[in-house]
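Please open the model in your viewer with the cartoon shown and side chains ready to be switched on, and follow the selections below in the order given.

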Amino acid sequence: MTNENGLENVIVVVDDEEGLLNMMRRFISKKLTDYQGIYFNSPLLALEYLSAHKPKLVLSDKDMPDMNGIELQRKVMILSPETKRLIYTGAPDENVKKAVKEGVILEYFVKPDLAPIVEKMREYLELALSS
């Protein structure tokens, strides 16, 4: 299902760590039931999907093999500027802060506490609905 700006009721999560991916899968399936979660353990596979789909939100880890989360979110920004973009990381650095300032991502979160991310995702998704 898509809305007027072509965005699908989908949340994409990208993380090379299966444990964190599974944790986000559980949080999203329980807390964000109006959305379909699509999960990738590779940023390259996610990008392949994202080249054909426009989800409402993409959440990615910052540090992944093949492509870091900031690079991935820059590509998402080009493919689907309306998609909300968030990153979580175990080690925030100047590159993450710069990505926020440049508008590449809306916000970043520090692992391992992932529960607040889901609530913030809900806020961004509700903002998308009202705009």
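Select Gly37 to begin: in this predicted model, Gly37 counts as partly exposed, at 22% relative accessibility, a value that falls outside the buried class because buried means under 20%. The place of Gly37 is in strand 2, and if you add Ile11 to the selection you will find the two C-alpha atoms 4.9 Å apart in space, although the residues are 26 apart in sequence.

From here, widen the view to the sheet. Five strands make up an open sheet, ordered 2-1-3-4-5, and their pairing is parallel. Strand 2 (36-40) and strand 5 (107-110) are found at the edges, where each has a single partner strand, so one side of each is left without a neighbour in the sheet. Looking along the sheet, you may follow a twist that averages 20 degrees from one strand to the next. As background, strands of a sheet pair through backbone hydrogen bonds, either parallel or antiparallel.

Next, colour strand 3 (55-61). How many of the residues of strand 3 are buried? The count is 7 of the 7, so strand 3 is largely enclosed by the rest of the structure. Strand 1 is joined to strand 3 by 5 bridges, the two running parallel, and Val12 has Val58 of strand 3 as its bridge partner. Turning to strand 4, you will see that strand 3 pairs with it in the parallel sense, over 5 bridges; Val58 has Arg85 as its bridge partner there, while Ser60 is partnered by Ile87.

Now switch on the side chains of Ile11, Val13, Met24, Leu59, Tyr88 and Met121, which are the residues with the most contacts inside the largest nonpolar core, a group of 20 residues. At least two residues of this core come from each of strand 1 (8-14), helix 1 (18-31), strand 3, strand 4 (84-89) and helix 5 (115-130), and helix 5 gives the most, with 5 residues. In soluble globular proteins, nonpolar side chains tend to be buried together.

Centre the view on Met24, and ask which residues it is in contact with once its neighbours within four places in sequence are set aside. They are Val13, Tyr39, Leu59, Tyr88, Leu114, Ile117, Val118 and Met121. Another core, of 14 residues, lies apart from the largest one, and includes Ile38, Phe40, Met67 and Leu72.

Keep Phe40 selected and add Tyr49, since a search of the whole structure finds 1 aromatic pair. The ring centres of Phe40 and Tyr49 are 5.5 Å apart and their planes stand at 45 degrees, so the pair is tilted. Phe40 is buried, with a relative accessible area of 14%, and Tyr49 also counts as buried, at 16% relative accessibility. For a contact of another kind, select Arg25 and Tyr39: the charged end of Arg25 sits over the ring of Tyr39, 4.5 Å from the centre of that ring.

Move next to Pro43, whose place is in helix 2 (residues 43-50). Is Pro43 buried or exposed? Its relative accessible area is 1%, and Pro43 is therefore buried. Leaving out residues up to four places away in sequence, Pro43 touches Val14, Met64, Pro65, Met67 and Leu72. Should you wish to relate Pro43 to Leu59, the two are 16 residues apart in sequence and 11 Å apart in space, C-alpha to C-alpha.

The last two stops concern the backbone. Select Asp66, in the loop between strand 3 and helix 3 (69-79), where you will find a positive phi of about 75 degrees although the residue is not a glycine. Asp66 is exposed, with a relative accessible area of 65%. Finally, go to the loop between strand 5 and helix 5, where Pro112 is found, and display the peptide bond from Lys111 to Pro112, which is cis, with omega near 10 degrees.

Methods:
Residues numbered from 1 in each chain as written. Predicted model: local features only at pLDDT ≥ 70, side-chain atom pairs only at ≥ 80, totals over all residues. Heavy atoms only, no water. Core = buried A, V, L, I, M, F, W, Y, C linked by side-chain atoms within 4.5 Å. Buried < 20%, exposed > 50% of the residue type's maximum accessible area, 1.4 Å probe, protein only. Helix = DSSP H or I, 4+ residues; strand = E, 2+ residues; numbered from the N terminus. Contact = heavy atoms within 4.5 Å. Phe/Tyr/Trp six-rings, centres within 6.5 Å; stacked < 30°, edge-to-face > 60°. Lys NZ or Arg CZ within 6 Å of the ring centre and 35° of its normal. Pairing = 2+ DSSP bridges. Axes fitted to C-alpha atoms, helices over the stretch in contact; angles between N-to-C directions.
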